[in-house]
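Here is a colleague's note to read beside the model, set out as numbered points. Please keep the structure in view and look up each residue as it comes.

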Amino acid sequence: MMYKSIFFMYNSVVRMKKDPVNQYIMQFALHRNIVAWMQCGGRMSMTEKEIGRQNGSLESILIESIHTLVYEKDINEALNCFLRTICGFYQAERGYIFELDEKRQFADNTFEWCAEGVETEKNRLQGVPVSILSNWMKRFREAGGFYIKELEADVPQDRADFEILKSQGINSLMAAPLLRDDEIVGFLGVDNPAEHIGDMAMLRSVADFVTADLEKRRLIEELRRVGCIDMLTGLKNRNEYIRRLNELKNTKLNALGITFIDINGLKLINDTYGHECGDDVIRETAECIRKFAPERAYRIGGDEFIIFWENVEEAEFYEKVEKMKTEFKVGHEYSISMGNVWQEGNVDIEQQVKKADTSMYEAKQAHYQNENHDRRKRS
């Protein structure tokens, strides 16, 4: 009898409280079976058995999908596997996740799975204006998702999204919103489903788990960014410098230039004008460096910076160095000392760093000798 199945499932929910994934699945299954039982008047019927088989399939896919999202350590791999599973359930040609930018003006296709022989669309679907998807957003808010059964019958040909869908060979699709604090932050969808057509239960059921996984990915990326960025200057920090140095030890380089920069008299600036002024000087120095080497520069100490010019020709290297020197001489009330080395072929990066450091130290010594000489002349 159906009520025995429901009673068993209810007890299963109680026993599974320690496993949030299984508890969620069992509660979902319990709800669907109670609804099915009520719809057939609490009597056994072929319809009920068919519903039971359908629910069993749905529940097994839900378990697989949610376990993948919750327990797979690599978030990107988890989402890709998840899309494959969802597409398997719907027998869809393509599954995808779109994420909206912070201002909710553009949508990017961030994850995609395609069946064999189906062309990827991910690269073409970046920066899609949300205004084109205004009808989708309305349906997401009002109905919690939508289904296009037949493109040419369901979508007016003069609507902005019609041509986008038609150009991709999409005749039908199903999509559900991804919500965070009741705001739409993206959506999950499948193209050209051949099974469970119009049944939104699966997409709606997993949407919260997808949103949670995307949020986890965002937080991890933010932590990684904070871990490798110097908060005062926005340049890469010493941790990232050491990581890249170790990488380059095992990288074959055709040529390598290294620039070592040190701010002259930063301690005196801090002692005389305060640390806020010293911080301004550090930021100014970083901004100047960023103009010439935005992705190559690292702040490795209080007043020290280093730049790796990988696979740059000698002439280009020294041209950039001279332009940087000129930039520092103009409009700055402080000065820097700079050491530069360049080598072609068989590069020993540790030796190069030492040579650049020595060159910078020699430039700094010369600076202070000239400064003392100027003081003696003035006195």
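1. Helices (H or I, at least four residues) and strands (E, at least two) are DSSP runs, numbered from the N terminus. With that in mind, Gly 301 can be placed in the loop between S8 and S9. The model is a predicted one, in which local features need pLDDT of at least 70 and side-chain atom pairs count only at pLDDT 80 or more, while totals for chains, interfaces and linings use all residues. Residues are numbered from 1 along each chain as its sequence is written, and side-chain values use heavy atoms, with hydrogens and water left out.

2. Is Gly 301 buried, exposed or partly exposed? The terms depend on relative accessible area, where buried means under 20%, exposed over 50%, and partly exposed in between (1.4 Å probe, protein chains only). Gly 301 counts as partly exposed because its relative accessibility is 23%. Its C-alpha atom is separated by 7.3 Å from that of Arg 238, although the two residues are 63 residues apart along the chain.

3. The two strands beside this loop belong to an open sheet of four strands, in the order S8-S9-S7-S10, with antiparallel pairing; two strands pair if DSSP finds at least two bridges between them. The edge strands, each of which pairs on one side only, are S8 (297-299) and S10. From one strand to the next the twist averages 15°, where axes are lines fitted to C-alpha atoms, for helices over the stretch in contact, and angles run from 0 to 180 degrees between N-to-C directions.

4. At one end of the sheet, S8 is joined to S9 (residues 304-310) by three bridges, and the two run antiparallel; Ala 297 has Ile 307 in S9 as its bridge partner. Helix H9 (residues 238-249) packs on the sheet, touching S8 and S9, and its direction makes about 30° with that of S9. Helix H11 (residues 275-292) also packs on the sheet, touching S7 (255-263), S8, S9 and S10, and its direction makes about 5° with that of S9. Contact here means heavy atoms within 4.5 Å.

5. At the other end, nine bridges join S7 to S10, which run antiparallel, and Asp 262 stands opposite Ser 337 in S10. S10 is mostly covered, since seven of its nine residues are buried. Asn 340 is found in S10 (residues 336-344), and it counts as buried because its relative accessibility is 16%. Its side chain is joined to that of Thr 259 by a polar contact of 2.8 Å; such a contact is a pair of N or O atoms within 3.5 Å, and within protein one must be able to donate a hydrogen and the other to accept it, with residues adjacent in sequence counting only if both atoms are side-chain atoms. Leaving aside neighbours within four places in sequence, the contacts of Asn 340 include Ile 258, Phe 317 and Ser 359.

6. Two loop residues deserve a check of their backbone angles. Most residues other than glycine have a negative phi. Gln 91, in the loop between helix H4 (75-90) and S1, has a positive phi near 50°, and it is partly exposed because its relative accessible area is 47%. Asp 181, in the loop between S5 (173-180) and S6 (183-191), has a positive phi of about 55° although it is not a glycine, and with a relative accessible area of 72% Asp 181 is exposed.
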